[in-house]
Every structure is written in structure tokens, then in C-alpha cells.
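Hi,

Here is the structure I promised to pass on. Have a look at it first, and then read on for what I found.

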Amino acid sequence: ATDMAKHFDHVEELSALAKATLNISNPGERVCLLGNIIHAADLSGQALSSDLAKKWADRVIAEFREQAQREVELGLPLTPHMQGLEHELTYMQVQYGFVSHVVVPLWRALSDVLPGVKHLADQAHVNKLYYKDRMETLSMTVNSLGKRVQSAEKLSKLAESKVETK
């Protein structure tokens, strides 16, 4: 139930369960629902309050950094989403993508079947907006800094050319 390779199958199963009348006495439907609940629980960190979600994200990102470092040490190819996580912008981009494309769809689908967990789906959406806002703020800062560096480089070259002509 926690295999990420089957994540989108879980979301589809939940969507199908939401469209049908759930028969909890049916062993197949019960196993399906329980498997999906376990999968959602495995991905629940980003459906918690923002402060807890950030702590879970920090822990996962630290684990990813360690894995990337170990891959380098072993001469293995780097896992793409584990590269550059020492930069806050990359961290936020990874979190935003994960929450947007994995966590929110799963919790929305689960809340369609179990309305009592809708508050968790809503919180996952709030956390997604936090990562998006932080990512956009950092992008603007990086772009602004980049423009200042370019201007400084142009001024430096201009100053060097004036010194050389004297």
C-alpha cells in the first residue's frame, strides 16, 4: 500500500470508490479502501498543519540530500529530484511539485470517499500554496540578484576598459 509506483492506481481506485456506493461488507472493497488509507497515512505529513508539514518536509529533504551524497560517493547516477536540495528554491520546487501532483490529488480523492478527512485535503492544499508562494518569492529574489550581478559585471568591464585606454 505504500509503494509509490502504485500511487496513481490508488488515486484512480479512490475515484472509482467515490463514484460507486461503497459496500464495506464486500471484502474486495474493504481491502481496497484500507490499502488506500494506509497509502494516504504514509503521505500524511503534508496534510498536517503547516508547521508540522514543514518539519516533515525538512526530514524528507535531509534524507534525500543524504541519499544524493551517497549516490555520488558510490559513483551512481544522481536521482533527479534529489539534486540541488541545498538551495531553498530547489527545495521549495520539489515540495510544491510533490504536494501538487501527489499529496493533494490523493487526499482529495480520499475525502470524496471519506468526507471526515476533508480537512486534511484542505490543509494539504494550504501547504501547497505555501510552497508555491515561497518558491515564487525566492524566484523573484534570485532573478533580482542575477540582474544586479549582471549590472555589476557590466560596470566592472566598463571600468576596466577605461583603465586600459588611459
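Before the details, one term: I call it a salt bridge when a side-chain nitrogen of Lys or Arg is within 4 Å of a carboxyl oxygen of Asp or Glu. Please also keep in mind that this is a predicted model.

By that rule R108 and D122 form a salt bridge, with their closest N and O atoms 2.9 Å apart. R108 sits in helix 4 and D122 in helix 5 (residues 118–165), so the pair ties together parts that are 14 residues apart in sequence. Both ends are partly exposed: R108 has a relative accessibility of 29%, and D122 has a relative accessible area of 29%.

D122 has another partner as well. Its side chain meets that of K118 in a salt bridge (3.0 Å, N to O). Here both residues belong to helix 5, where they are 4 residues apart, or about one turn of the helix. K118 is partly exposed too, at 44% relative accessible area. Through shared partners, the salt bridges join R108, K118 and D122 into one network.

The structure holds 5 salt bridges, and one more of them deserves a mention. In that one, the side chains of K54 and D58 meet at 2.9 Å, N to O. The two are 4 residues apart in helix 3 (residues 50–73), which puts about one helical turn between them. An α-helix has 3.6 residues a turn, so residues three or four places apart point the same way. As for exposure, D58 is partly exposed with a relative accessible area of 34%, and K54 is partly exposed with 26%.

Now the overall picture. The protein chain has 5 helices and 0 strands, so to speak an α-α-α-α-α pattern when read along the sequence. Of its 166 residues, 30% count as buried. Looking at contacts between residues at least 6 apart in sequence, 67% join residues at least 24 apart. The accessible surface of the chain comes to about 10600 Å², and 59% of that belongs to carbon and sulfur atoms.

Helix 1 is a good place to start browsing. It covers residues 7–19, and its 13 residues should span 18 Å at 1.5 Å a residue; the end C-alpha atoms are 19 Å apart, which agrees. Which of its residues are buried? They are H7, H10, V11, L14 and L17. Seen down the axis of helix 1, these buried residues fall within an arc of 125 degrees, so they line one face of the helix. The face turned away from that buried side carries the exposed residues F8, E12 and K19. On the buried side, helix 1 packs against helix 2 (27–42) and helix 4 (88–113).

Helix 2 can be read in a similar way. At its start, a side-chain oxygen of N26 reaches to within 2.8 Å of the backbone nitrogen of G28. The 16 residues of helix 2 should span 22 Å at 1.5 Å a residue, and its end C-alpha atoms are 22 Å apart, which agrees. L33, G35, N36, H39 and A40 are buried in helix 2. Down the axis of helix 2, the buried residues fall within an arc of 160 degrees, so they line one face of the helix. What covers them includes helix 1 and helix 4.

Last, a residue to click on in helix 4: Q95. Is Q95 buried or exposed? Q95 is buried, with a relative accessible area of 4%, where buried means under 20%. Leaving aside neighbours within four places in sequence, what is Q95 in contact with? The list is Q46, A57, I61 and Y131.

That's what I have for now. Shout if anything is unclear.

Cheers

Key. Residues are numbered from 1 along each chain as its sequence is written. This is a predicted model: local features need pLDDT of at least 70, side-chain atom pairs count only at pLDDT 80 or more; totals for chains, interfaces and linings use all residues. Side-chain values use heavy atoms; hydrogens and water are left out. Buried means under 20% relative accessible area, exposed over 50%, partly exposed in between (1.4 Å probe, protein chains only). Contact means heavy atoms within 4.5 Å. Accessible areas come from the Shrake-Rupley method with a 1.4 Å probe; for residues, only the protein chains shown count as cover. The expected span of a helix is 1.5 Å times one less than its number of residues. The arc is that of the directions from the helix axis to the C-beta atoms. A polar contact is a pair of N or O atoms within 3.5 Å; within protein, one must be able to donate a hydrogen and the other to accept it, and residues adjacent in sequence count only if both atoms are side-chain atoms.
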